[in-house]
Structures are given as C-alpha cells and as structure tokens.
Amino acid sequence: MTQPAAVPASGDIVARVDFQYRWRSWAFAILMLMVGLWSLNDGFIVYPRDNAAWERMAGSVDRPPKPPHDQAGVVFNQFAGILCTAISIPFLVWRERRSRGEYRIAGNTLHAPGHGPVTFDQIRGLDLVRWDRKGVALVEYELATGGKRILKLCDMIYQRELTDQIVERIEAHLNALDAKQAAHTENTASSA
C-alpha cells in the first residue's frame, strides 16, 4: 500500500457505496439475464424448430446428413437458460444488499451496515491480513453484553480512499492504545 495522506484525528468520514461496484453488479446481472433469455429461446424454440424442419425433410434430396443442432446443444441451452435467468436477479439482490448503507466515523464512533454504533473503546483488534491484497479489514469489537463480533470493512464495495482513511483512523487509535499500555507496563516494571 502506498504511503497515505495524513488522516485527521477527528471529524466525520463517510464512505458511501462505490459507483463502479454498483455499475458492475448491474451490468453483470443484466448480461446474465440476457444470456439466459437467449439460451432459453435457442433451447426451447429455435433449436427444436430447426430440428423439426430437418425431420420434415425426411425424403428430400436437399436434406443434410445430420440435424442442425444435436440433442446435447439443445439440453445445454435449456439448462444454461434456466440457470442464468434464475441466478441473475438473486445475484443482483445479494450484491445490492451487500453494498447497502455506508461506513461512517462520527467522532470516535464507527457505523457500518448490519452493526450498531461501535465506539473506539469497544474495538479490540484490527485484522489487516487481507488488506493489501484484497482491501478487506476485519474489526473485532466487544459488545456491551460482553460478547465479541467482527465487522468487515471492504474498500472494493465502498469508496476506497474514504474506507482507507477509516481503517487508518482505527489503526492509529489501536497503535496509540498499544503505546499507552506499553508505557504503563514499563512504568510499572521500573517502579517495582
């Protein structure tokens, strides 16, 4: 990851859904739907009609030796048409649901879809193993009831620069806590 610009210590950061993510989701879903409808047309209408016309030419001299479409092509198009058409809409719904809402830092509180407000004091860890390659950061936080949850921040789905700033703000907070804890431990050890 390149060296980021300085992240302000305070102020709101709002990362909304990335336009390219939404555009690609819609384009892929429409493409799947179109391929599905085309395959349905070929598998259930055009290919059987062409093969029936070939059958009617049984005594004709102009009849080709093989039917224009073999049975495997007919079945494949029927299967592909049903599958692509059936998957296109649920795929789009899943992608839209996955990209609902926004990431927001207001003061020292993180807001993310599917999670309640998370204060920085609740955050216990930040997993950046997949951050450089995939842009995925996992924020582990503690619930008021004592349980733990993981919040996923993905800079492919939400605006990249702003999501990066949010992750950097969380990382800076955790580094400050670690430094404070190390200093406290060092002071305690030197006092003893």
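**Two sheets, one helix and a surface patch**

Strands 5, 6 and 7 make an open sheet in the order 5-6-7, and their pairing is antiparallel. At the edges stand strand 5, residues 123-127, and strand 7, residues 148-154; each has a single partner strand, so one side of each has no neighbour in the sheet. From one strand to the next, the twist averages 20°. I should say now that this is a predicted model.

Staying with this sheet, strand 5 and strand 6, which covers residues 136-142, are paired over four bridges in the antiparallel sense. Gly-125 has Glu-140 in strand 6 as its bridge partner. Helix 4, residues 160-191, packs on this sheet and touches strand 5, strand 6 and strand 7. The direction of helix 4 makes about 125° with that of strand 5.

Now the other sheet. Four strands form an open sheet in the order 1-2-3-4, again with antiparallel pairing. Here the edge strands are strand 1, at 13-15, and strand 4, at 118-119, and each pairs on one side only. Strand 3, residues 109-111, runs antiparallel to strand 4 and is joined to strand 4 by two bridges. Within that pair, Thr-109 stands opposite Thr-119.

What lies across strand 1, strand 2 and strand 3? That is helix 4, running at about 135° to strand 1. Strand 2 is residues 103-106.

Last, the surface. Trp-26, Ile-30 and Met-34 make a nonpolar surface patch of about 330 Å². Trp-26 belongs to helix 1, residues 19-56. Trp-26 counts as partly exposed because its relative accessibility is 43%, and partly exposed means between 20% and 50%.

How values were computed. Residues are numbered from 1 along each chain as its sequence is written. This is a predicted model: local features need pLDDT of at least 70, side-chain atom pairs count only at pLDDT 80 or more; totals for chains, interfaces and linings use all residues. Side-chain values use heavy atoms; hydrogens and water are left out. Two strands pair if DSSP finds at least two bridges between them. Axes are lines fitted to C-alpha atoms, for helices over the stretch in contact, and angles run from 0 to 180 degrees between N-to-C directions. Contact means heavy atoms within 4.5 Å. Patches are made of residues with over 30% relative accessible area and no salt bridge: like charges are joined within 9 Å, nonpolar side chains (Val, Leu, Ile, Met, Phe, Trp, Tyr) within 5 Å. Accessible areas come from the Shrake-Rupley method with a 1.4 Å probe; for residues, only the protein chains shown count as cover. A salt bridge is a side-chain nitrogen of Lys or Arg within 4 Å of a carboxyl oxygen of Asp or Glu. Buried means under 20% relative accessible area, exposed over 50%, partly exposed in between (1.4 Å probe, protein chains only).
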